[in-house]
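Biologist: I would like a close look at a single part of this model. Please take the packing of one pair of helices and then what lies around it.

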Amino acid sequence: MENLIVVGDRVNVLVDQDNQPMIIERLPRHNQLSRSTSSRPGGKLIEQVLASNVDQVISVFAAANPEPKWNLLDRYLVMAEAVELPVWIVITKTDLVEKDHAMDELHQQLAVYQKIGYPVLLTSSTQHKGIDVLRSILKGKNSVLIGKSGIGKTSLLNTLMPGLDYRVSTVNEITGKGRHTTSAMRLLPIDEGSTLIDSPGTREFGLWDIDPDDLDRYFKDMRSYLGNCNFKLDCRHEDEPGCAVRQAVVAGEIDPRRYQSYLRLKEDYLS
Ligand SMILES: Nc1nc2c(ncn2[C@@H]2O[C@H](COP(=O)(O)OP(=O)(O)OP(=O)(O)O)[C@@H](O)[C@H]2O)c(=O)[nH]1
Ligand SMILES: [Mg+2]
Ligand SMILES: [Zn+2]
């Protein structure tokens with residue numbers, strides 16, 4: 001029942017004689033973003049719709065504190081590809097990266113995604129860097145911020161909308177984790193025609209309703225090789241002879257870490 005109305009839904013409202021609005025109907029959703037979750041640890045997995053009527057996903061990672069988790073980004077990308085939504089990769093807290101070699105490493109990782117076709121934006125809320133570009137990316141669209149707790153999603157919003165002053169809190173110094181400051185999804189009008197949904201950082205991010213056999217298609221960098229394996233679309237891209245995907249990894253056309261990430265995600269499903 002909790003998925004009946006989610007952030008982003010369009011509804012028809014009736015205003016009663018006390019001027020109280022009442023939802024009488026939810027209009028059909030163009031799309032919805034979901035993750036799988038359980039109501040208690042070890043419990044049955046259920047679908048949690050995070051948001052609906054979304055035009056693009058802004059997947060957010062901090063340059064540091066906490067460090068980016070590229071396998072998690074791969075998960076977000078699969079989720080977005082499965083519902084055919086465009087994704088921006090936004091990096092926050094670039095002011096925390098002081099050493100050149102750390103910046104080089106970040107750029108190296110990001111280049112993998114840029115090569116696949118995912119656009120990247122570097123930002124810093126404290127230095128007000130990248131904020132105007134972010135604003136232009138959001139223009140005229142319904143966007144949703146996705147990312148772990150403490151990576152600076154709400155800070156981005158506060159910087160975009162001075163005066164908003166949503167609550168943010170520091171990352172725990174001992175665990176390096178966020179404190180789950182934002183506790184619910186909320187939609188914010190940025191300007192006429194642009195809205196942004198801030199989300200609570202999720203501890204776990206299970207994929208919902210994705211067939212493990214389809215995972216290869218949702219890795220955009222693997223897609224163009226899929227029909228070329230000896231076993232055609234039946235190939236698992238593991239140890240089959242004549243696997244075009246593995247050949248592309250060996251040839252350096254597909255990033256090995258992305259390939260490992262694909263195998264890992266598939267294994268997560270099967271376990
Ligand atoms: N140095 C630096 N710190 C930042 C930046 N952006 C956010 N922070 C800090 O990071 C911490 C977490 O920021 P939040 O905006 O609360 O993170 P969040 O992603 O909204 O976290 P949840 O609501 O828990 O999901 C706060 O202490 C912020 O001040 C930045 O660009 N640079
Ligand atoms: Mg927040
Ligand atoms: Zn194959």
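How are H3 and H4 oriented to each other: roughly parallel, or roughly perpendicular?

Modeller: The model is a predicted one. In it, helix H3, residues 131-138, packs with H4 at an angle of about 90°, and their axes are 10 Å apart. Angles of 65 to 115 degrees count as roughly perpendicular, and H3 and H4 are therefore roughly perpendicular to each other. On the H3 side, the contact is made by Ile-131, Leu-134 and Arg-135. H4 contributes Leu-156, Thr-159 and Leu-160. Sorted by class, the contact of H3 with H4 has four nonpolar residues, one polar and one charged.

Helix H4, residues 153-160, also belongs to the surroundings of ligand 1: three residues of the shell come from this helix, the largest share. There are 26 residues around ligand 1, and those that come nearest are Gly-152, Thr-154, Val-168, Thr-182 and Gly-201. By class, the shell around ligand 1 has 17 polar, five nonpolar and four charged residues.

Apart from the helices, there is an open sheet of three strands in the order S4-S3-S11, with antiparallel pairing. Strand S4 (45-52) and strand S11 (206-207) each have a single partner strand and stand at the edges, so one side of each is left without a neighbour in the sheet. Strand S3, residues 32-38, runs antiparallel to S4 and is joined to it by seven bridges. One of the bridge partnerships pairs Ser-36 with Glu-47 in S4.

Conventions:
Residues are numbered from 1 along each chain as its sequence is written. Chains are lettered from A and ligands numbered from 1 in the order in which they are written. This is a predicted model: local features need pLDDT of at least 70, side-chain atom pairs count only at pLDDT 80 or more; totals for chains, interfaces and linings use all residues. Two strands pair if DSSP finds at least two bridges between them. Helices (H or I, at least four residues) and strands (E, at least two) are DSSP runs, numbered from the N terminus. A residue is near a molecule or strand if its C-beta atom, placed from the backbone, lies within 6 Å of it. Ala, Val, Leu, Ile, Met, Phe, Trp, Tyr, Cys and Pro count as nonpolar, Asp, Glu, Lys and Arg as charged, and the others, Gly among them, as polar. Axes are lines fitted to C-alpha atoms, for helices over the stretch in contact, and angles run from 0 to 180 degrees between N-to-C directions. Angles under 35 degrees count as roughly parallel, over 145 as roughly antiparallel, 65 to 115 as roughly perpendicular and the rest as oblique. Two residues are in contact if their C-beta atoms, placed from the backbone, lie within 7 Å.
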